[in-house]
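These are my notebook entries on one protein chain. I record what I looked up, entry by entry.

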Amino acid sequence: MKKLWVAILIFSTQIFSGCFDKVEEKPAPQKINFDLSSAKDGTYTAESSRDEKLGKSVLTLTIKDEKIIDAQFTGYDLFGNEKDETYGEILGKDSADYKKAQIAVQAIKNYPAQLVETQNLDEVDAISGASISYGQFVETVEKAVDDAKK
C-alpha cells in the first residue's frame, strides 16, 4: 500500500509540474527612444501609414521649451471620414465590432492627453482593443519628434 501512495505522489507531482512548465512569459515592453532635448519649438504634423482595413491617423504635436504642450490625434476610416461616435455604427450598435470601434475612438482621444501629461511615450498606456490606433499613435509621435529635431 505504501508503494502505491508513493507512486501516486510521484505521478501527480510530474503532472502538476508539467502544467506549470507551459506558462508563457509576456515580452518586456519595448522602450521607445523619446528625447526632446534637441527638439525645436513649433508645431509638427505627422501621418501614420494606412492600415488596409481601418484607415490612417494624423497627429499634430506642439513643442515648446523641450516639452509637449499640445497633442491632437485624429483617426480616419478607409473613406477619409473622421472616427467619431458614429464610427462602426454601420455594423449595428449591438455588434461586438461596433463596440470595438468605439474603444478605438476613445483611445484616439485618450492617447494625446496621456502624452502631454506624462511627457513620455513609454508611459502612454495601450488600450486593449485599440492596438492599431496605438501603433499609429506611436508611429506619428516618433515622426513628429524626428521632424522637430531637424
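**Entry 1. Strands S1 and S2.** I began with Ala46, which stands opposite Leu59 in S2. The model I am reading is a predicted one. I then looked up the pairing around this position: six bridges join S1 to strand S2, residues 56-64, and the two strands run antiparallel.

I next followed Val58, whose place is in strand S2. Leaving aside neighbours within four places in sequence, I found Val58 in contact with Thr45, Ala46 and Glu47, and also with Gln72, Phe73, Thr74 and Tyr76. I also noted a distance from Val58 to Phe137: the two are 79 residues apart in sequence, yet 8.2 Å apart in space, C-alpha to C-alpha.

**Entry 2. Strands S2 and S3.** I asked how many bridges pair S2 and S3. The count is nine, and the sense is antiparallel. Within this pairing, Ile63 stands opposite Ile68 in S3.

The hairpin of S2 and S3 has two residues between the strands. I looked there for backbone angles and found Asp65, which lies in the loop between S2 and S3. Asp65 has a positive phi of about 55 degrees, although it is not a glycine. I noted this for the following reason: most residues other than glycine have a negative phi. Is Asp65 buried or exposed? Its relative accessible area is 56%, and the cut-off for exposed is over 50%, so Asp65 counts as exposed.

**Entry 3. The sheet as a whole.** I put the two pairings together. The three strands form an open sheet in the order S1-S2-S3, with antiparallel pairing. Strand S1 (42-47) and strand S3 (67-76) are the edge strands, each pairing on one side only. On average, neighbouring strands of this sheet are turned by 15 degrees against each other, direction ignored.

Helix H2, residues 96-118, packs on the sheet and touches S2 and S3. I recorded an angle of about 170 degrees between the direction of H2 and that of S3.

**Entry 4. Gln72.** I chose Gln72, whose place is in strand S3. Leaving aside its neighbours within four places in sequence, Gln72 is in contact with Val58, Leu59, Thr60 and Pro112. The C-alpha atoms of Gln72 and Tyr111 are separated by 9.2 Å, with these positions 39 residues apart along the chain counted as their separation. Gln72 has a relative accessible area of 44%, and is therefore partly exposed.

**Entry 5. Helices H2 and H3.** I turned to the helix pair. Two packed helices are described by the angle between their axes and the distance between the axes, so I looked up both values. H2 and helix H3, residues 131-148, pack at an angle of about 35 degrees, with their axes 10 Å apart. The crossing of H2 and H3 is right-handed.

I then listed the residues that meet:

- From H2: Ala104, Ile108, Tyr111, Pro112 and Leu115.
- From H3: Ser133, Tyr134, Phe137 and Val141.

The residues of this contact divide into eight nonpolar, one polar and no charged.

In the loop between H2 and H3 I found Gln119. Phi of Gln119 is near 60 degrees, a positive value in a residue other than glycine. At 25% relative accessibility, Gln119 counts as partly exposed.

**Entry 6. The nonpolar core.** I asked which residues touch the most other members of the largest nonpolar core. They are Leu61, Leu115 and Phe137, in a core of 26 residues. S1, S2, S3, H2 and H3 each supply at least two residues of this core. H3 gives the most, with seven residues. In soluble globular proteins, nonpolar side chains tend to be buried together.

For Leu61 I looked up the contacts, leaving aside neighbours within four places in sequence. Leu61 is in contact with Gly42, Thr43, Tyr44, Ile68, Asp70, Ala71, Leu115, Ala144 and Val145.

**Entry 7. The chain overall.** I closed with the totals. The protein chain has three helices and three strands, and along the sequence they follow the pattern α-β-β-β-α-α. Of its 150 residues, 32% count as buried. Among contacts between residues at least 6 apart in sequence, 49% join residues at least 24 apart.

Definitions and conventions: Residues are numbered from 1 along each chain as its sequence is written. This is a predicted model: local features need pLDDT of at least 70, side-chain atom pairs count only at pLDDT 80 or more; totals for chains, interfaces and linings use all residues. Side-chain values use heavy atoms; hydrogens and water are left out. Two strands pair if DSSP finds at least two bridges between them. Helices (H or I, at least four residues) and strands (E, at least two) are DSSP runs, numbered from the N terminus. Axes are lines fitted to C-alpha atoms, for helices over the stretch in contact, and angles run from 0 to 180 degrees between N-to-C directions. Contact means heavy atoms within 4.5 Å. A crossing is left-handed if the near helix is turned anticlockwise from the far one by less than a right angle, and right-handed if clockwise. Ala, Val, Leu, Ile, Met, Phe, Trp, Tyr, Cys and Pro count as nonpolar, Asp, Glu, Lys and Arg as charged, and the others, Gly among them, as polar. A nonpolar core is a set of buried Ala, Val, Leu, Ile, Met, Phe, Trp, Tyr and Cys residues joined through side-chain atoms within 4.5 Å. Buried means under 20% relative accessible area, exposed over 50%, partly exposed in between (1.4 Å probe, protein chains only).
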